[in-house]
Amino acid sequence: MRRRTTSLALVLGMIAALVTVIGSVAIAQTTNAQLAFVNGASTDPVTVTANGTEVATDLAFAAASAPAVFPSGDYEIAFSDGAGLTTPVPPATAWTVVSGYGDDEGTAQAYPVVIEEIGAGEARVAVWNATTETQLISFNGSDPFELLAGEGLEPQTVPADTEVTVQVGEAPTPISFTPAEDNYIDAFVVTDGTDVAVAQSVI
């Protein structure tokens, strides 16, 4: 089965064209946004700061912070392993910042969480390649397909409380997880230079 993939630029265009209302996690005002952070590169735990303020601590490799509400604006994100970026965060949007891939190798990238209304008993899953190399991916037993660095599989609607699998390359076993109803899960393929893993950020 042919799988559609989407570039970061295309998703950003979708977000620019549509003001997204975030319902799964309360955002008190439309001037706010939501950010989560993933250690996508360092074997050592990292601390993350946003505009100099500590926002996540002791993130192990492939671990994600809990999502949190931030005022919209420009943010300088820094990981303690040296990764980082400066990114605009528009109001009423959600983003996961992952170290490892970026405009400059070994930095970081902000990935948009595309939140659209889903039906009762459903969840939404997106898969991103947050490494600097093309990865061979299989989603829920699909035929393997290439996912370029920084690109993502078009978000998939799946039944809630049903196992979802992501197979990366020739790993002996796929990564599996079970989304709850109304969850939006972004799964990021990451690497510390030796091991490849799948990190999950959940709203």
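1. Ser-138 stands opposite Gln-167, a residue of S14, and this is a convenient place to begin reading the predicted model. The two strands involved, S11 and strand S14 (residues 164-168), run antiparallel and are joined by 3 bridges. Strands in a sheet are held to one another through backbone hydrogen bonds, in either a parallel or an antiparallel arrangement.

2. S11 also pairs with S12, again in the antiparallel sense and over 3 bridges, and within that pairing Gln-135 has Leu-147 of S12 as its bridge partner. The hairpin formed by S11 and S12 has 5 residues between the strands, and in this hairpin Asn-140 adopts a positive phi near 55°. As for its surroundings, strand S11 (residues 135-139) has 4 of its 5 residues buried, so the rest of the structure largely encloses it.

3. Beyond S12, the loop that runs between strand S12 (145-147) and strand S13 (152-159) contains Ala-149. Although Ala-149 and Thr-132 are 17 residues apart in sequence, their C-alpha atoms are 5.1 Å apart in space. Once neighbours within four places in sequence are set aside, Ala-149 is in contact with Tyr-101, Asn-129, Thr-131, Thr-132, Glu-133 and Thr-134.

4. A reader may next look at an open sheet of 4 strands, in which the order is S4-S3-S6-S7 and the pairing is antiparallel. Its edge strands are S4 and S7, each of which pairs on one side only, and the twist from one strand to the next averages 20°. Within this sheet, S3 and S4 pair in the antiparallel sense over 4 bridges, and Thr-49 has Glu-54 as its bridge partner in S4.

5. The largest nonpolar core has 19 residues, and those that touch the most other members are Phe-37, Val-48, Ile-77, Phe-79 and Val-97. At least two residues of this core come from each of strand S2 (32-38), strand S3 (46-50), strand S4 (53-59), strand S6 (73-79), strand S7 (84-89), strand S8 (94-99) and strand S9 (108-112). Taking Ile-77 as an example, and leaving aside its neighbours within four places in sequence, one finds it in contact with Phe-37, Val-48, Thr-49, Ala-50, Ala-83, Gly-84, Leu-85 and Val-97. A second core, separate from this one, has 17 residues, among them Val-127, Val-168, Phe-177 and Ala-187.

6. On charged pairs, a search of the whole structure finds 1 salt bridge, in which the side chains of Arg-124 and Glu-116 meet at 3.9 Å, N to O. Side chains that carry opposite charges can pair when their charged atoms come close. The two partners can also be described by their accessibility: Arg-124 counts as buried because its relative accessibility is 9%, which falls under the 20% limit, whereas Glu-116, at 34%, counts as partly exposed.

7. Some caution is needed over confidence, since the protein chain has an average pLDDT of 87, with 85% of the residues scoring at least 70, but the values vary along the chain: the mean is lowest in helix H1 (residues 8-17), at 51, and highest in S3, at 98. Over residues 14-29 the pLDDT stays under 50, and for this stretch the model has 22 contacts beyond four places in sequence. Where pLDDT is low, predicted coordinates should not be read in detail.

Note on methods. Residues are numbered from 1 along each chain as its sequence is written. This is a predicted model: local features need pLDDT of at least 70, side-chain atom pairs count only at pLDDT 80 or more; totals for chains, interfaces and linings use all residues. Side-chain values use heavy atoms; hydrogens and water are left out. A nonpolar core is a set of buried Ala, Val, Leu, Ile, Met, Phe, Trp, Tyr and Cys residues joined through side-chain atoms within 4.5 Å. Buried means under 20% relative accessible area, exposed over 50%, partly exposed in between (1.4 Å probe, protein chains only). Contact means heavy atoms within 4.5 Å. Two strands pair if DSSP finds at least two bridges between them. Axes are lines fitted to C-alpha atoms, for helices over the stretch in contact, and angles run from 0 to 180 degrees between N-to-C directions. pLDDT is the predictor's confidence in each residue, from 0 to 100. A salt bridge is a side-chain nitrogen of Lys or Arg within 4 Å of a carboxyl oxygen of Asp or Glu.
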